[in-house]
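Trainee: I should like to request a close look at the aromatic side chains of this structure and at their surroundings. Please treat the matter as one connected account.

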Amino acid sequence: MGATGTGKTALSLDLAEALTAVGTPAEIVNADAMQLYRGMDIGTAKLPETERRGIPHHLLDVLEVTDDAAVAWYQREARAAVDAVFARGADAVLVGGSGLYVSGVLYDFRFPPRDDALRAELEADLDTHGPAVLYARLREADPATAARMDPRNGRRIVRALEVLAQGESTHQAALPDAPVLWHPDTRIVGVHVDRAELVPRLDARVERMWQDGLLDEVERLRRAGLERGTTAPRAIGYAQALAQLRGELGRNEAIGQTQALTRRYARRQVSWFRRYADVRWVAPETDAAGLVDLSGQ
């Protein structure tokens with residue numbers, strides 16, 4: 001796990017190969033929310049199948065862009081994938097940077113129920129009044145939850161209000177103070193890059209996405225219904241590319257906004273993962289064979 005652009009993917013492949021070399025085959029389970037979507041490749045830095053070194057990967061390209069990537073659904077699917085890997089006598093390497101998705105697999109998380117009718121009503125309020133009005137409502141009802149939430153993240157505000165309206169506590173969707181591992185033999189490796197190095201790397205990565213054809217990718221996804229989705233069209237980079245295609249942003253503005261949002265997202269990821277206990281933080285160029293030795297394999 002770790003922030004975007006830190007080299008998690010390459011290290012996960014090295015680790016899977018190192019495990020295989022000592023007699024334990026390994027398979028990779030995706031924990032990046034946006035890589036769940038078919039066709040969202042360039043903007044998510046999804047590893048092409050030809051570069052996966054023959055290692056089985058799971059939970060890539062399993063949703064259409066019109067689907068909602070709900071974390072409770074992901075938890076079920078990812079744990080089922082992990083159990084299936086174990087049943088084959090292999091180790092599962094969970095890799096990604098979507099904090100709540102990673103936590104939902106690693107720890108004893110229980111997610112509150114959904115109410116589609118109530119959510120539709122709240123989303124209509126969001127479209128009419130904007131996130132500030134709904135955030136004020138949340139702050140009045142649950143100040144603690146509101147305090148740790150981005151006031152501009154309308155989707156998360158809607159979910160928090162939906163949960164509260166059902167008599168549940170929104171705190172269930174936060175990392176517990178003393179989280180309990182779902183699987184006791186889990187070992188957690190965090191990939192860290194100093195911010196002074198990471199920021200220019202992220203900025204350059206966004207530039208490459210536009211050079212590599214992100215606009216063409218988004219235009220194809222648009223024809224597949226991207227703008228009708230609830231999750232996919234809000235992804236960093238995709239929202240800005242859509243705005244560029246609609247003529248609302250110029251190329252430089254779209255790239256600049258994506259770079260700024262990517263940097264902010266990386267900061268949030270670091271803050272989230274720093275709360276985990278028993279993490280071995282490593283550089284991306286770390287020798288994976290040494291990680292296998294340290295894990296006791």
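Mentor: A residue is called buried when its relative accessible area is under 20%, exposed when that area is over 50%, and partly exposed in between. By that criterion tyrosine 74 is buried, because its relative accessible area is 1%. The model under discussion is a predicted one.

A search of the whole structure yields 3 aromatic pairs. One of them joins tyrosine 74 to tyrosine 101: the ring centres are 4.9 Å apart and the planes stand at 50°, so this pair is classed as tilted. The two partners belong to distant parts of the chain, with tyrosine 74 in helix α2 (residues 71-87) and tyrosine 101 in helix α3 (residues 99-106), 27 residues apart. Tyrosine 101 has a relative accessible area of 10%, and therefore it is also buried.

Another pair is formed by phenylalanine 273 and tyrosine 276, whose ring centres lie 5.5 Å apart; their planes meet at 90°, so the arrangement is edge-to-face. Both phenylalanine 273 and tyrosine 276 are buried. These two residues belong, together with Tyr107, to one aromatic cluster. Tyrosine 107 is located in the loop between α3 and α4. With a relative accessible area of 4%, tyrosine 107 is buried. Its C-alpha atom is separated by 9.7 Å from that of proline 184, a residue 77 positions apart from tyrosine 107 along the chain.

Two arginines place their charged ends over tryptophan rings. For arginine 274, the charged end sits over the ring of tryptophan 281 at 4.3 Å from the ring centre. For arginine 275, the ring beneath the charged end is that of tryptophan 272, and the distance to its centre is 4.4 Å.

The surroundings of the aromatic residues can be followed through two leucines. Leucine 106 lies in helix α3, the helix that also holds tyrosine 101. Leucine 106 is buried, because its relative accessibility is 10%. Beyond four places in sequence, the residues that leucine 106 touches are Leu94, Val180, Leu181, Trp182, His183, Thr186, Ile188 and Tyr276. Tyr276 is thus met again here, as a contact of leucine 106 and as a member of the aromatic cluster. The C-alpha atoms of leucine 106 and alanine 81 are separated by 13 Å, with their positions 25 residues apart along the chain.

Leucine 59 is placed in the loop between β2 and α2. Its relative accessible area is 10%, so leucine 59 is buried. When neighbours within four places in sequence are set aside, leucine 59 is in contact with Val29, Asn30, Gln35, Leu36, Tyr74, Glu77 and Ala78. Tyr74 in that list is the partner of tyrosine 101 in the tilted pair. The C-alpha atoms of leucine 59 and isoleucine 188, 129 residues apart along the chain, are 20 Å from one another.

Another aromatic residue, Tyr37, appears among the contacts of lysine 46. Lysine 46 is found in the loop between β1 and β2. Despite its charged side chain, lysine 46 is buried, with a relative accessible area of 9%. Not counting residues up to four places away in sequence, lysine 46 touches Gln35, Tyr37, Gly39, Met40, Asp41, Arg52, Leu60 and Asp61. Gln35 is a contact of lysine 46 and of leucine 59. Between the C-alpha atoms of lysine 46 and threonine 24, 22 residues apart along the chain, the separation is 25 Å.

The loop of lysine 46 also calls for a remark on backbone geometry. Most residues other than glycine have a negative phi. Alanine 45 has instead a positive phi of about 55°, and alanine 45 is found in the loop between β1 (26-30) and β2 (57-58). Its relative accessible area of 31% makes alanine 45 partly exposed. Arginine 53, in the loop between β1 and β2 as well, has a positive phi near 60°. Arginine 53 is partly exposed, at 39% relative accessibility.

Terms used: Residues are numbered from 1 along each chain as its sequence is written. This is a predicted model: local features need pLDDT of at least 70, side-chain atom pairs count only at pLDDT 80 or more; totals for chains, interfaces and linings use all residues. Side-chain values use heavy atoms; hydrogens and water are left out. Rings of Phe, Tyr and Trp (its six-membered ring) pair if their centres lie within 6.5 Å; planes under 30 degrees apart count as stacked, over 60 as edge-to-face and the rest as tilted. Helices (H or I, at least four residues) and strands (E, at least two) are DSSP runs, numbered from the N terminus. Buried means under 20% relative accessible area, exposed over 50%, partly exposed in between (1.4 Å probe, protein chains only). A charge sits over a ring if NZ of Lys or CZ of Arg is within 6 Å of the ring centre and within 35 degrees of the ring normal. Contact means heavy atoms within 4.5 Å.
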